[in-house]
Amino acid sequence: MAQGLIEVERKFLPGPGTEERLQELGGTLEHRVTFRDTYYDTPELSLMRADHWLRRREDSGWELKCPGAAGVLGHHTEYKELTAEPTIVAQLCKVLGADGLGAGDVAAVLGPLGLQEVASFVTKRSAWKLVLLGTDEEEPQLRVDLDTADFGYAVGEVEALVHEEAEVPTALEKIHRLSSMLGVPAQETAPAKLIVYLQRFRPQDYQRLLEVNSSKQRPQGIEDPDNCLG
């Protein structure tokens, strides 16, 4: 992924007919893959509470998701994805208020920044791509990932990658259209895998995230505990 792209996405709950529907819409199955994600944060969850998400994917390296422009509400999220390690380190130092660590490898600054593993799980994914009818085929394709985590939670994601904030509204419109074509209810919300992991296995951390900026949009699709998927 090119450095600094903006990821606009909507998560949904896939059903047994989701892949068949993607085929009917002209979707192409890119691959099926299994991978392990490990997430890192401070004991106080300083990154997640600032809506920053540091992950190391097995055989793929590090990624830091940072919040996009304010005001993206509803059932969609917008994040910038950083994958170059010097850029990740610089952003980590900025968020955590640390100076003098230079621009080294992410692994080298975990200890000095007080970052530790907070979650690790394996995901089986089927990755699809398609172009909506009536859109320019030269435009970036929409991506649909269908994930099942090893702790029994399944979630889908419709995603578009754009270069500029000005492209976000068009990306959202396409995501809306495809979600509707897949039969996703307009008001449906689905938490990220990490959020469900924390709810099930680290409930105190989950509650801590729920309490953060309760008057603002909750990060990564966090819902009220009574409504969150278990």
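**Helix H6 and its surroundings in a predicted model**

In helix H6, the buried residues are Lys193, Leu194, Ile195, Val196, Tyr197, Leu198 and Gln199. The model is a predicted one. Because 7 of the 9 residues of H6 are buried, the helix is largely enclosed by the rest of the structure. Ile195, located in H6, has a relative accessible area of 0% and is therefore buried.

Helix H6 spans residues 193–201 and packs against helix H7, residues 203–210. The two axes are 5 Å apart and form an angle of about 125°. H6 is therefore oblique to H7, since this class takes in angles between 115 and 145 degrees. On the H6 side, the contact is made by Ile195, Leu198, Gln199, Arg200 and Phe201, and on the H7 side by Pro203, Tyr206 and Leu209. By residue class, the contact of H6 with H7 comprises 6 nonpolar residues, 1 polar residue and 1 charged residue. Two of the residues named in this contact, Ile195 and Leu209, are 14 residues apart along the chain, and their C-alpha atoms are separated by 9.2 Å.

For the protein overall, the secondary structure amounts to 7 helices and 8 strands. Of the 230 residues in the protein, 46% are buried. Among contacts with a separation of 6 or more, 66% are between residues 24 or more positions apart. The exposed area of the protein is about 11300 Å², and 47% of this area is supplied by carbon and sulfur atoms.

Strand E6, residues 116–130, contains Thr123. Thr123 has a relative accessible area of 0%, so this residue counts as buried. Leaving out residues up to four places away in sequence, Thr123 touches Val33, Thr34 and Phe35, then Asp147, Thr148 and Ala149, and also Lys193. The last of these, Lys193, is among the buried residues of H6. Strand E2 covers residues 28–41, and the contacts of Thr123 include Val33, Thr34 and Phe35.

Ala127 also belongs to strand E6. The relative accessible area of Ala127 is 0%, and the residue is therefore buried. With residues up to four places away in sequence not counted, Ala127 touches Thr28, Leu29, Glu30 and His31, together with Arg143, Val144 and Asp145. Ala127 and Leu29 are 98 residues apart along the chain, yet their C-alpha atoms are separated by 6.0 Å.

Leu182 lies in the loop that runs between helix H5 (168–181) and H6. Its relative accessibility is 14%, so Leu182 counts as buried, the cut-off being 20%. Apart from neighbours within four places in sequence, the contacts of Leu182 are Phe12, Arg21, Leu22, Leu25 and Val158. Leu182 and Gly17 are 165 residues apart in sequence, with a C-alpha to C-alpha distance of 9.2 Å.

Two loop residues flanking helix H2 were examined for backbone geometry. Most residues other than glycine have a negative phi. Leu45, a residue other than glycine, has a positive phi near 60°. Leu45 is placed in the loop between strand E2 (28–41) and helix H2 (46–49). With a relative accessibility of 1%, Leu45 counts as buried. Asp51, likewise a residue other than glycine, has a positive phi, near 60°. The loop between H2 and strand E3 (53–57) holds Asp51. At 18% relative accessibility, Asp51 counts as buried, under the cut-off of 20%.

Cysteine pairing was also searched. A disulfide is a covalent bond between the sulfur atoms of two cysteines. The search of the whole structure returned 0 disulfides. Cys66 has a relative accessible area of 7% and is buried. Cys93 counts as buried at a relative accessibility of 9%.

Methods
Residues are numbered from 1 along each chain as its sequence is written. This is a predicted model: local features need pLDDT of at least 70, side-chain atom pairs count only at pLDDT 80 or more; totals for chains, interfaces and linings use all residues. Side-chain values use heavy atoms; hydrogens and water are left out. Helices (H or I, at least four residues) and strands (E, at least two) are DSSP runs, numbered from the N terminus. Buried means under 20% relative accessible area, exposed over 50%, partly exposed in between (1.4 Å probe, protein chains only). Contact means heavy atoms within 4.5 Å. Accessible areas come from the Shrake-Rupley method with a 1.4 Å probe; for residues, only the protein chains shown count as cover. Axes are lines fitted to C-alpha atoms, for helices over the stretch in contact, and angles run from 0 to 180 degrees between N-to-C directions. Angles under 35 degrees count as roughly parallel, over 145 as roughly antiparallel, 65 to 115 as roughly perpendicular and the rest as oblique. Ala, Val, Leu, Ile, Met, Phe, Trp, Tyr, Cys and Pro count as nonpolar, Asp, Glu, Lys and Arg as charged, and the others, Gly among them, as polar. A disulfide is a pair of cysteine sulfur atoms within 2.5 Å.
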